[in-house]
Amino acid sequence: MNYLSAENLSKSFGEQILFEELSFGLKKGDKTALIARNGTGKTTLLRILMGKIASDTGEFTFRGGIKTAFLEQSPDLDDSLTIDQLILTNNTPVLSVIKNYESALKKHSSSQTAETTKMLEEANNAMDHVDAWDYERRLKQLLDLFRITDTTQLVSTLSGGEKKRLALALVLLGEPDLIILDEPTNHLDIDMIEWLERYLSQSALTLLMVTHDRYFLDRVCNHIIELSQGKMYHYQGNYELFLEKRAERELLQKAESEKAGQLMKKELEWLRRSPKARTGKSKARIDAFDGIKERATRVNDKSELKLQVKAPRLGGKILELEHINKAYGSLKIIKDFSYKFAKAERIGVIGRNGTGKTSFLDLISGDESLDSGTIEFGETVVTGYFRQSGIKWKSGQRVIDAVKEIAEVIMMGDGKTISASQFLEHFMFTPESQYKPISKLSGGELRRLHLLKVLIKNPNFIILDEPTNDLDILTLNKLEEFLLSFRGCLIIVSHDRYFLDKLTDHLFIFEGEGIIKDHYGTYSSYHKAQEAREKNLKKSIKETSVIKSFPGEKNTAGKVKTKLSYKEKQEYKHLESEIEELEKEKASLEVELVKGKLGYEALEKKSKRISDIINIIETKLERWLDLSQYVD
């Protein structure tokens with residue numbers, strides 16, 4: 001059963017052809033990732049399916065009766081509304097049913113006729129059908145999960161990340177059958193990504209998404225579509241299988257191109273020698289020549305990121321942080337943190353949004369000042385800072401001018417020098433695109449230009465703040481290859497777990513309230529350790545330090561137990577009062593949750609406490625029942 005069918009879709013902008021005559025479909029339950037280089041039409045294709053722009057040719061249809069939802073890379077929300085008002089104008093099917101019910105209820109209240117009674121019954125049935133009675137609770141739950149607590153604030157006051165989280169919450173609230181997502185993990189921290197990953201992988205949703213997060217792709221998607229040179233290629237399986245099959249396809253295309261090239265040479269010789277008078281047979285041979293020429297001149301798109309730096313050697317002293325402290329009012333970012341960097345150290349920085357990761361990088365770079373403590377670099381250190389917020393470029397400045405402003409000639413890692421234009425080509429800027437105004441660049445192109453500006457200084461200490469945003473997967477592979485061979489120091493703030501696992505072997509974990517913890521190992525090893533700790537905690541809650549006595553149990557003298565000892569009688573009395581106190585605490589916490597006034601952190605903390613209390617009560621009740629059998 002196809003939920004989406006697209007036939008012969010084509011799109012071009014001026015002379016640039018993005019894709020031609022694409023045909024594909026999504027079956028119910030398909031979870032499909034769309035992979036392509038930046039600038040080759042991924043987002044354009046999604047925007048066509050979203051109805052934001054029109055295709056040049058072709059058509060697409062969604063199956064009738066299904067609920068569809070879309071999440072753009074940069075959601076276009078009405079800044080003049082509050083979050084509450086935006087939710088009310090969000091035209092989800094569930095909200096439409098609620099509005100219809102409220103209208104029917106109002107009419108029935110003012111005039112109780114057979115017609116209004118029937119309308120109210122139908123509206124009631126519709127509410128039951130979409131489970132709309134629970135809408136308000138689910139809305140509060142989702143908003144809290146995405147850390148949106150003040151729904152009275154204007155959308156214009158939200159950051160880009162907060163807008164993305166709000167848009168994602170609204171998409172999921174509608175409980176659609178099919179969702180189209182463009183970079184859903186951008187601006188989410190790792191905890192939120194892992195929640196979304198579990199939700200999407202376990203649900204029966206049908207998905208089409210663009211993502212650069214390879215763990216997310218692997219764990220959610222069962223189908224990959226590659227868009228390359230205007231054509232589509234399908235792969236069933238995970239990301240590793242995609243890389244393998246893609247390499248095989250490119251090798252086959254290369255062999256076919258070389259074979260066609262040899263045949264084209266022979267045909268050219270024949271054309272030059274052949275007489276002017278053409279037979280039917282020779283005319284057919286001439287017509288076939290165009291097809292041979294097309295195959296022979298067809299080449300894979302080999303434009304790729306080529307990164308090299310001639311980094312100076314690091315001395316004995318690199319970077320020393322001594323008892324540093326930073327706070328913004330009552331918000332503590334860093335509390336008495338000290339660390340000395342060693343040569344070639346690779347540190348990943350993780351933590352929830354708002355815990356101070358970017359502020360930490362800004363302190364190191366000197367963009368922010370400390371409250372107390374010292375930060376000292378060694379004399380040989382040359383830093384390069386790739387900022388999440390990007391760079392403010394001069395108005396009207398062209399790409400080539402921005403590079404020449406730094407250097408006309410650049411020294412490469414192999415000691416050779418190249419021009420600014422050649423250096424730009426290493427960053428996938430063609431000679432034509434080098435004269436484009438920077439204001440006209442795509443998100444991925446801006447990130448590459450920013451990376452160029454960082455590396456052109458040949459740093460030996462690189463600081464990267466969310467470098468994977470807006471970069472396609474194939475470009476990310478090249479960035480990873482470069483960073484793996486980089487011999488200097490590296491600090492990376494990233495929500496991309498694959499990127500962290502590949503490039504870092506030591507983590508700084510920002511836990512909030514200024515606390516930074518060390519973990520020597522990869523993100524995956526840290527995650528496994530966290531899971532093990534949570535599992536052990538649950539196990540310890542269920543266990544009790546009291547030795548249990550069971551009916552018919554024999555004592556050390558071999559006699560069957562018939563009554564409680566003095567200690568057991570005291571334990572029995574205490575258990576009754578303890579269980580009563582725990583039940584009171586549980587009821588109090590449940591009242592707080594129902595009121596809906598808690599923020600995300602408090603909600604999470606109190607929900608966990610309720611879960612712990614339930615486990616403790618079960619254990620104590622079990623022990624109480626054991627002892628009660630011997631009570632007179």
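Here are some notes on the charged pairs, one buried lysine and the nonpolar cores of this predicted model.

1. Start with the salt bridges. A search of the whole structure turns up 28 of them. The points below pick out a few and look at where their partners sit.

2. Take Asp 189 and Arg 147. Their closest N and O atoms are 2.3 Å apart, and the two form a salt bridge. This pair ties together distant parts of the chain, 42 residues apart. Asp 189 is in the loop between strand S6 (178-182) and helix H7 (190-202), while Arg 147 is in the loop between helix H5 (135-145) and helix H6 (160-173). Are these partners buried or exposed? Asp 189 is buried, at 3% relative accessible area. Arg 147 is buried too, at 17%, which counts because the cut-off for buried is under 20%.

3. Asp 367 and Arg 387 also meet through their side chains, in a salt bridge of 2.6 Å, N to O. Again the pair links distant parts of the chain, here 20 residues apart. You'll find Asp 367 in the loop between helix H11 (357-365) and strand S13 (372-377), and Arg 387 in the loop between strand S14 (383-386) and helix H12 (399-404). Asp 367 is partly exposed, with 42% relative accessibility, and Arg 387 is partly exposed as well, with a relative accessible area of 27%.

4. For a salt bridge inside one helix, look at Glu 580 and Lys 584, whose closest N and O atoms are 3.9 Å apart. Both residues belong to helix H18 (residues 566-595), and they are four residues apart, about one turn of the helix. Glu 580 is partly exposed at 46% relative accessible area, and Lys 584 is partly exposed at 48%. Elsewhere, salt bridges with shared partners join Glu 194, Glu 197, Asp 213, Arg 219 and Arg 497 into one network.

5. Lys 326 deserves a look of its own. This lysine is in strand S10 (residues 319-328) and is buried, with a relative accessible area of 8%. What does its side chain have beside it? A polar atom of the Lys 326 side chain lies 2.9 Å from the backbone oxygen of Ser 369. Setting aside residues up to four places away in sequence, Lys 326 touches Lys 332, Ile 333, Ile 334, Leu 363, Glu 368, Ser 369 and Asp 371.

6. Lys 563 is another lysine to check. It is in the loop between helix H17 (523-542) and H18, and is exposed, with a relative accessible area of 60%. The C-alpha atoms of Lys 563 and Leu 627 are separated by 8.9 Å, with the two residues 64 apart along the chain.

7. Now the nonpolar side. In soluble globular proteins, nonpolar side chains tend to be buried together. The largest nonpolar core here has 59 residues, and those with the most contacts inside it are Tyr 135, Phe 146, Leu 166 and Leu 200. H6 gives the most to this core, with eight residues. Which residues does Phe 146 contact, leaving aside its neighbours within four places in sequence? They are Arg 165, Leu 168, Ala 169, Leu 172, Met 192 and Trp 195. There is also a second, separate core of 41 residues, which includes Ile 190, Leu 307, Leu 441 and Phe 486.

Conventions
Residues are numbered from 1 along each chain as its sequence is written. This is a predicted model: local features need pLDDT of at least 70, side-chain atom pairs count only at pLDDT 80 or more; totals for chains, interfaces and linings use all residues. Side-chain values use heavy atoms; hydrogens and water are left out. Helices (H or I, at least four residues) and strands (E, at least two) are DSSP runs, numbered from the N terminus. Buried means under 20% relative accessible area, exposed over 50%, partly exposed in between (1.4 Å probe, protein chains only). A polar contact is a pair of N or O atoms within 3.5 Å; within protein, one must be able to donate a hydrogen and the other to accept it, and residues adjacent in sequence count only if both atoms are side-chain atoms. Contact means heavy atoms within 4.5 Å. A salt bridge is a side-chain nitrogen of Lys or Arg within 4 Å of a carboxyl oxygen of Asp or Glu. A nonpolar core is a set of buried Ala, Val, Leu, Ile, Met, Phe, Trp, Tyr and Cys residues joined through side-chain atoms within 4.5 Å.
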